[in-house]
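Let's take a friendly walk through the charged side chains and the cysteines of this protein. Have your viewer ready, and follow along one contact at a time.

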Amino acid sequence: MKWEVVIGLETHAQLSTASNIFSGASTAFGAAPNTQACAVDIALPGVLPVLNQGAVERAIRFGLAVGAKINRRSIFARKNYFYPDLPKGYQISQYESPIVEGGSLTVHVGETEKTVRLTRAHLEEDAGKSLHEDFHGATGIDLNRAGTPLLEIVTEPDMRSSAEAVAYAKELHKLVRWIGICDGNMQEGSFRCDANVSVRPLGSDKLGTRAEIKNLNSFRFLEQAIEFEIRRQIEILEDGGKIVQETRLYDPDKDETRSMRSKEDAHDYRYFPDPDLLPLEVSEVMLNNVKENLPELPQQRQQRFIHQYRLSTDEAKLLTSTKEIAGYFEGVALMSMKNGESVAATDFKLCAGWVINDIAAKMNEEEGLPSWAFRVSDDTAGHIIRRVREGTINARIGKDLLTRFWGEGRQLSEKEGRSVHGGSPQLVDDLIRDEGLGQVSDLGAIEKIVDGVLAANTQQAADYKAGKDKAFNSLVGQVMKATKGKANPQQVHDILKRKLAG
């Protein structure tokens with residue numbers, strides 16, 4: 001029997017407020033256990049919750065970004081269940097009337113474009129954390145996370161493979177970081193997914209019984225957990241068994257999911273409106289203020305890069321992979337064209353190539369370097385590219401300067417404990433002048449050097465004439481070495497071709 005996979009995701013994005021959703025307690029990560037839990041969040045008698053306006057504004061910002069309906073009136077409810085790290089015995093969440101309804105997110109899986117519909121996004125508080133590994137025969141409870149503001153983003157069951165689920169999760173992760181509502185740090189639990197997975201006979205409209213896989217905090221684990229769960233469910237069904245609706249956990253060491261508890265339905269939580277919180281009313285003023293401050297969205301910037309900078313779709317996608325890289329590229333491009341000398345498409349592509357290949361490669365070399373921690377400022381990198389484009393220096397010298405400044409920025413960062421840039425536009429010009437790095441473009445001088453190289457390498461010249469192309473590259477390299485890398489590569493190439501053809 002052929003099977004169809006049906007997947008829906010529930011994602012918890014921790015909102016980037018400085019304090020909790022219903023109290024003034026800090027949301028900072030890494031404090032000693034239970035040192036940030038306050039009276040409101042651990043439910044001491046007589047305390048009352050007060051809603052954090054910043055959390056509301058971030059939820060609205062997300063709703064606008066995905067084209068959803070913003071409910072002008074929404075309700076907070078008590079979601080009742082017992083768990084050791086839930087001190088109140090209930091979680092304050094939204095149920096029947098969430099702040100965000102509908103919307104969608106467009107993702108790409110290879111060359112295929114897919115739109116994933118969103119059901120809702122609602123505000124809620126996080127629970128504490130159970131610590132099993134640090135205790136022998138017991139569980140510790142850390143309530144620092146209790147009360148942390150979350151936006152739970154729920155999709156329709158629109159995904160049909162683990163690849164689609166991962167593509168959606170990555171696009172959502174990119175979006176919440178881009179619009180500044182969540183730092184997206186999966187290692188710290190700021191962005192985590194629950195996957196609802198089921199299978200059904202191909203062609204059937206009836207949904208199968210689903211299993212929910214909780215708290216997947218990496219894209220790799222998300223993919224692996226879904227793949228295992230698909231195999232598990234198909235094997236059970238093909239053996240004549242039935243799928244049990246339940247919550248499961250993924251064990252990455254064993255690459256398997258295991259049962260955690262039976263899956264509750266909404267009625268099990270006994271939702272009812274929280275009597276301590278008034279309905280949330282979103283005013284026209286608040287809605288308009290959030291709209292006015294909504295940044296240019298990733299796909300909007302991608303399209304602008306294609307048209308304004310005449311980049312390919314692939315180039316624009318890579319350059320808008322994060323807001324920081326998009327801003328860096330734009331700074332590089334504007335600096336390299338500072339006086340409006342040229343706006344040819346090839347010049348913008350030159351800037352794109354340096355950022356996509358050279359800058360990105362240097363960032364990838366440094367494990368743990370945040371996506372915003374550029375060791376060379378955009379105006380310095382843009383100025384180097386500008387000097388290459390003008391012919392003041394050749395590309396090899398330009399990349400050597402970039403490497404030099406990058407290393408200087410790394411040393412300064414390690415010394416000062418923060419991101420520091422190496423180099424400056426003025427220092428670029430000073431080094432070109434003082435160290436004699438300017439490109440040699442004197443045709444007569446280059447021709448004399450070419451003659452000397454050919455005279456000293458008659459065998460390689462003969463090999464090239466016999467059809468061995470690698471010999472030509474060797475000759476180019478020797479000419480560049482003789483000029484200390486400063487010759488105009490195109491001129492060297494042209495002169496060699498002419499002389500070897502003679």
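A salt bridge here means a side-chain nitrogen of Lys or Arg within 4 Å of a carboxyl oxygen of Asp or Glu. Keep in mind that you are looking at a predicted model. With that cut-off, the structure holds 33 salt bridges.

A good place to begin is a group of linked charges. Glu229, Arg232, Glu246 and Arg248 are joined in a network of salt bridges. Within this network, the side chains of Arg248 and Glu246 meet with N and O 2.6 Å apart. Are these two partners buried or exposed? Both Arg248 and Glu246 are buried.

Next, turn to a pair that connects two helices. Arg387 forms a salt bridge with Asp429, and their closest N and O atoms are 2.9 Å apart. Arg387 sits in helix 9 (residues 378-390) while Asp429 sits in helix 11 (residues 425-434), so this contact ties together parts that are 42 residues apart in sequence. The two ends of the bridge fall into separate accessibility classes: Arg387 counts as buried at 15% relative accessibility, whereas Asp429, with a relative accessible area of 23%, is partly exposed.

Another bridge spans a stretch of 147 residues. Here the side chains of Glu324 and Arg177 meet in a salt bridge, at 3.6 Å from N to O. The pair links distant parts of the chain, with Glu324 in helix 7 (residues 323-336) and Arg177 in helix 2 (residues 162-178), 147 residues apart. Glu324 is partly exposed at 24% relative accessibility, and Arg177 is partly exposed as well, with a relative accessible area of 23%.

Now for the cysteines. A disulfide is a covalent bond between the sulfur atoms of two cysteines. How many disulfides does the structure hold? The count is zero. Cys193 shows why a bond is missing at its position: the closest cysteine sulfur, in Cys182, is 11 Å from the sulfur of Cys193, which is too far for a bond. For the reasoning, the cut-off to compare with is 2.5 Å between the two sulfur atoms.

Where do such cysteines sit with respect to the surface? Cys193 counts as buried, at 1% relative accessibility. Cys351 is also buried, and its relative accessible area is 0%.

Key
Residues are numbered from 1 along each chain as its sequence is written. This is a predicted model: local features need pLDDT of at least 70, side-chain atom pairs count only at pLDDT 80 or more; totals for chains, interfaces and linings use all residues. Side-chain values use heavy atoms; hydrogens and water are left out. Buried means under 20% relative accessible area, exposed over 50%, partly exposed in between (1.4 Å probe, protein chains only). Helices (H or I, at least four residues) and strands (E, at least two) are DSSP runs, numbered from the N terminus.
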